[in-house]
Amino acid sequence: MPLGVCSSYQLLLVLAYSESIHGKWHFTEIRAIFSRRYLLQNVALEIFLASRTAVMFAFGDLGTVRRVVRALPRVGVGIKYGLPQTRRASLMVGRQLFRASNMTHKWQRREISNFEYLMFLNTIAGRTYNDLNQYPIFPWILTNYESMELDLSLPSNYRDLSKPIGALNQGRKEFFEDRFNTWDHEGIPPFHYGTHYSTAAFVLNWLVRLEPFTTMFLSLQGGKFDHANRMFSSMECAWRNCQRDTSDVKELTPELFYLPEMLVNMNGYNLGRDETGKALGDVHLPPWAQTPEEFIRINRMALESEIVSCQLHQWIDLIFGYKQRGPEAVRATNVFYYLTYEGLVDFDSITDPLMREAVENQIRSFGQTPSQLLMEPHPPRASAMTLSPLMWTSPPDDVCMVVKFPSNSAVIHVSGNTYPALPHPAILTVTSAGHFAVNRWHNLPYPPGSARGSEGGGGGGGGGEVGSSASSSLSSPTSLPLSLDPVLSLIAGNTVPSVRRSLGNNFSQKVRLRHSLFISTVDSRFIIAGGFWDNSFRVFNTDNARIVQIIFGHYGVVRCLARSECNVVSDCLVASGSQDATVRLWHWNARAQLITGDGNGLDAPSPKAILTGHDSPVVALVLSAELGLVVSGSQGGAVLVHTTHGDLLRSLRPPGDFLSPDLMTLSREGLVVVKYDAGNLATFTINGKLLRHQSHHDHLHSVLVSRDGEYLMTGGERGVVEVWRTFTLAPLYAFPQCDSHIRTLALSHDQRYLVAGLSSGSLVVFNIDFNRWHYEYQQHI
């Protein structure tokens with residue numbers, strides 16, 4: 001079904017104008033363009049937009065696809081995969097993208113998770129959320145859905161990923177192999193499986209409890225739900241069917257690793273009654289999972305386990321790799337019906353319209369195998385014990401180093417802009433006196449104190465207080481990750497004026513300077529600061545501390561700022577929360593290096609959206625462009641969730657005695673941690689469900705989550721950095737006590753170091769190893 005929308009005269013030359021416009025998108029919104037298949041033909045494009053949506057177009061032929069790509073902006077496949085932003089990249093097939101990308105190396109080095117890597121492989125292999133027949137594929141991981149407890153350290157609880165789902169049961173494997181060996185049909189090649197591991201019907205069955213999949217399911221079934229015995233009702237039954245039913249070899253969808261709502265019949269649909277007369281409602285969970293959220297979390301933990309990591313490449317070989325087709329597929333019992341494979345149907349040779357329609361319907365019904373990405377075995381993932389050799393080396397000291405600034409002002413803000421690709425990786429700090437520093441960051445190959453690292457160290461992990469004096473090893477900056485901003489030494493020697501590192505004294509006397517009043521750009525070239533008496537927020541150049549832009553838009557003092565995910569070459573969103581009880585969203589233009597607002601106005605930028613709903617000053621704010629969400633908290637009031645378009649979605653209801661939100665953080669998976677009052681913590685799903693709450697004995701000043709959202713770090717007036725499990729708020733570890741209050745926390749990009757800013761004017765750099773905790777505590781689920 002060809003779809004097309006024209007946004008320029010050049011594109012009008014390619015596509016005919018249509019009165020019934022499906023949608024309209026500005027070229028400036030386009031972030032990535034991928035070639036796609038439609039009915040196994042390379043005649044489609046998928047365009048990813050800044051609004052977190054993607055649109056798929058199917059054209060008449062490949063020539064039209066190429067002309068459309070030449071007419072669209074030169075964005076390539078985006079910036080995530082280490083590929084140049086060229087039109088040639090947009091026209092690459094999956095195998096070319098796989099070879100040119102750096103993602104496999106990052107996965108091997110454990111810089112990205114198994115989930116992220118599987119999503120990458122699905123994306124470049126043509127799998128998309130916009131086509132149910134080519135929906136992303138994820139593997140079954142666990143086999144134990146009956147026990148009261150689940151030990152993720154036991155291999156027997158995991159599926160053998162070296163075999164396709166249809167060959168796990170020996171009896172069923174022999175049945176399929178016998179079918180293949182005895183097949184005798186002149187026009188149809190032999191196959192093991194007449195059904196596929198991913199079809200539109202299977203996807204809809206998994207997701208039937210959620211719209212719009214419910215409506216799609218009803219449309220597929222002629223307006224009614226399927227027989228209750230064939231509906232997805234239990235994880236145990238779904239797994240059992242995949243082991244004994246010769247027509248059921250389906251794998252999973254990504255939602256089973258991040259979306260607990262798919263397991264809940266929240267809309268109260270009448271799904272029928274099973275053979276025992278029991279009405280179908282929520283999905284029946286294994287005994288080891290008490291809630292849908294817990295099941296999804298444990299299933300995700302299993303996916304990221306070492307047992308899965310060391311064999312996931314074998315499943316990739318079956319689905320995307322050299323065992324997908326040919327002699328290796330035969331040996332692996334992995335051959336599907338021929339119409340599921342790309343390149344085995346020549347539509348141009350089919351002149352009969354009825355025959356063509358029949359072939360298209362068969363392709364839709366039988367499923368579609370992903371594009372083959374590699375013809376040789378996929379490399380395995382490096383062992384965590386290789387990258388972090390815990391078994392034969394002693395772990396580094398908890399404290400890597402301590403830095404004392406010349407002034408004794410409290411360090412209230414730290415930004416960890418430490419990506420190796422940056423010209424000058426840095427730790428940017430701001431003090432309560434309004435002074436800032438751009439401290440140089442050295443990306444070391446191994447943590448100091450480890451067997452293969454440098455012999456420098458810092459305070460040990462034993463007794464005593466941390467941060468009471470400067471580190472004695474600052475004279476050897478290359479042996480430690482951080483060295484002091486060289487401009488501070490020039491200021492101390494009166495070589496340059498102190499104003500080169502000052503944000504001025506125009507802050508409102510009614511506002512206490514703290515971490516949430518400041519953000520920085522990824523390259524540390526600019527600081528954006530709020531809290532000024534004239535209700536503005538301002539952009540400072542960190543090279544000379546000059547104000548490059550003053551943004552007005554609020555009717556009260558700006559109390560907090562937040563920035564979305566971005567990199568040095570991409571635009572991002574900036575959110576400002578104010579005394580006037582509103583949140584405003586702004587556009588940071590990376591090319592102009594200014595806030596441009598809506599319509600790219602430079603002189604007086606206007607906000608892209610104004611978020612309302614609060615009745616008191618907004619004091620806490622987090623923003624995720626990836627999730628398309630803004631979470632904000634008001635003084636003594638509510639925590640609200642808005643979309644980045646300005647729509648109010650919901651309010652997060654805290655426990656009764658949790659009164660005023662003060663700090664918050666948001667994981668990439670949509671877990672929200674809110675700190676209320678002095679030390680009350682609460683964890684919510686992004687859909688508003690309260691998961692856990694905990695009253696802490698410390699008055700917390702900073703909360704931070706790890707990249708995968710699994711770990712929460714807190715610091716406060718006791719001077720102790722503590723690590724928690726985000727989902728359960730169970731304490732895991734406490735670092736040595738510092739000599740004063742902890743005011744702010746930040747992680748380095750590789751998550752090997754945690755940087756704490758203290759009230760005494762010191763920075764403490766802790767060694768942190770999430771891999772170690774992953775293995776030490778993985779069975780504590």
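Start by selecting Pro-212, which sits in the loop between H8 and H9; helices here are DSSP runs of H or I with at least four residues, strands are runs of E with at least two, and both are numbered from the N terminus. Zoom in on the bond before Pro-212: Glu-211 and Pro-212 are joined by a cis peptide bond, with omega about 5 degrees. Most peptide bonds are trans, and most residues other than glycine have a negative phi.

Before you go on, note that this is a predicted model, where local features need pLDDT of at least 70 and side-chain atom pairs count only at pLDDT 80 or more, while totals for chains, interfaces and linings use all residues. Residues are numbered from 1 along each chain as its sequence is written, and side-chain values use heavy atoms, with hydrogens and water left out.

Next, show helix H8 (200-206), helix H9 (213-220), helix H10 (235-244) and helix H15 (353-366): these elements each give two or more residues to the lining of the second largest pocket. A pocket is an open set of points on a 1 Å grid over the protein atoms alone, with protein on both sides within 12 Å along at least five of seven lines, and lining residues have an atom within 4 Å of a point. Its volume is about 1,000 Å³, taken as the space filled by probe spheres set on the points, which are joined across faces, edges and corners. To centre your view, pick Asn-229, Arg-230, Met-231, Phe-232 and Asn-241, the nearest to the pocket's centre among 40 lining residues. H10 gives the largest share, six residues.

Now for two backbone oddities. Leu-39, in the loop between strand S1 (30-38) and strand S2 (41-49), has a positive phi near 55 degrees. Leu-39 is also buried, at 6% relative accessible area; buried means under 20%, with a 1.4 Å probe and protein chains only. Then jump to Ser-524, in the loop between S9 and S10. Ser-524 has a positive phi near 65 degrees and is buried too, at 3%.

From there, colour the open sheet S9-S10-S11-S12, four strands with antiparallel pairing; two strands pair if DSSP finds at least two bridges between them. The edges are strand S9 (518-520) and strand S12 (547-551), each paired on one side only. For a last close-up, select S10 (residues 526-529) and S11 (residues 537-541), an antiparallel pair with four bridges. Within S10 and S11, Ile-528 stands opposite Val-539.

Terms used
On a 1 Å grid over the protein atoms alone, a cavity is a set of points where a 1.4 Å probe fits but cannot get out, and a pocket is an open set with protein on both sides within 12 Å along at least five of seven lines; lining residues have an atom within 4 Å of a point. Buried means under 20% relative accessible area, exposed over 50%, partly exposed in between (1.4 Å probe, protein chains only).
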